[in-house]
Amino acid sequence: LTKMAEKMPEEHYSFKATAEIRTFGQLIGHVADSQARTCSALGGEMKSLNAGAKTSKADLVAALKESFAMCDKVVDSMTDAKATEMVTMGNRQSTCLGALARTISHSNEEYGYMAVYMRLKGIVPPSSEGR
């Protein structure tokens, strides 16, 4: 996701595949906010990045990187006991590991949407580049 956010030219951050959906930049902000919300809660502090209100590529990439740093901190400190600890996220209860798994799944879904945006602009998504 970070490579994708960095690769997409800033002029395409306002691109929408159709009028009814989010722009590419709004999708980056959405992922950053979602990851930050979950990982900060799992880390014991509720922190909001307010990335959804950002519009510049630099600000959105920075927010996305910050959200990944928050999640990396949670993953790095995970223990067997912490993984099975029950947490409430919104109106749902799950284990810490389950909340992290949902965050990863959500981010992967959003990557899929953003890959289409990139393809529509003639840009190869990072996951499809040659090795």
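**An aromatic cluster, a core and one disulfide**

Y13, F15, F24 and Y117 are joined into a cluster by ring pairs. The model is a predicted one, so local features are taken at pLDDT of at least 70 and side-chain atom pairs only at pLDDT 80 or more, while totals for chains, interfaces and linings use all residues. Residue numbers start from 1 along each chain as its sequence is written, and side-chain values rest on heavy atoms, with hydrogens and water left out.

Rings of Phe, Tyr and Trp (for Trp, its six-membered ring) are taken to pair if their centres lie within 6.5 Å; planes under 30 degrees apart make a pair stacked, over 60 edge-to-face, and the rest tilted. That rule gives three aromatic pairs. Y13 and F24 have ring centres 5.1 Å apart and planes at 75°, so this pair is edge-to-face. It ties together distant parts of the chain, with Y13 in the loop between α1 and α2 and F24 in helix α2, eleven residues apart. (Helices, H or I with at least four residues, and strands, E with at least two, are DSSP runs numbered from the N terminus.) Both Y13 and F24 are buried, where buried stands for under 20% relative accessible area, exposed for over 50%, and partly exposed for anything in between, using a 1.4 Å probe and protein chains only. F24 also pairs with Y117, this time in a tilted arrangement, at 6.4 Å centre to centre and 50° between the planes. Here the link runs from F24 in helix α2 to Y117 in helix α5, 93 residues apart. F24 comes out at 0% relative accessible area, and Y117, also buried, at 4%.

Some of these rings turn up again in the nonpolar core. A nonpolar core is a set of buried Ala, Val, Leu, Ile, Met, Phe, Trp, Tyr and Cys residues joined through side-chain atoms within 4.5 Å. The largest one has 34 residues, and Y13, F24, I28, L42 and M114 have the most contacts inside it. Two or more residues each come from α1 (2–7), α2, α3, β1 (86–89) and α5 (96–120). As for L42, its contacts (heavy atoms within 4.5 Å) take in V74, K82, V87, M89, C96, A99 and L100, leaving aside residues up to four places away in sequence.

Helix α2 deserves a look of its own. It has 19 residues and spans 27 Å from first C-alpha to last, close to the 27 Å expected at 1.5 Å a residue; the expected span is 1.5 Å times one less than the number of residues. Of those 19 residues 15 are buried, so α2 is largely enclosed by the rest of the structure. After α2 comes G44, with a positive phi near 95°. N50 has a positive phi too, near 50°, although N50 is not a glycine. N50 sits in the loop between α2 and α3 and is partly exposed, at 48% relative accessible area.

Then there are the cysteines. With a disulfide taken as a pair of cysteine sulfur atoms within 2.5 Å, the count is one. The bond runs between C39 and C71, at 2.0 Å from S to S. It joins distant parts of the chain, C39 in helix α2 (residues 24–42) and C71 in helix α3 (residues 57–76), 32 residues apart. The link of C39 and C71 is right-handed, with 95° about the S-S bond. Both ends are tucked away: C39 is buried at 1% relative accessible area, and C71 is buried at 9%. C96 is left out of this because its sulfur is 10 Å from the closest cysteine sulfur, that of C39, which is too far for a bond. C96 is itself buried, with 1% relative accessible area.

The two strands round off the picture. V87 lies in strand β1 and is buried, at 13% relative accessible area. Setting aside residues up to four places away in sequence, V87 touches L42, R92, Q93, S94, T95 and C96. Between the C-alpha atoms of V87 and G98, eleven residues apart along the chain, there are 9.4 Å. S94 belongs to strand β2 (residues 92–95) and is buried as well, at 9%. With the same sequence neighbours left out, S94 touches E85, M86, V87, A99 and R102. The side chains of S94 and R102 share a polar contact of 3.1 Å; such a contact is a pair of N or O atoms within 3.5 Å, where within protein one must be able to donate a hydrogen and the other to accept it, and residues adjacent in sequence count only if both atoms are side-chain atoms.
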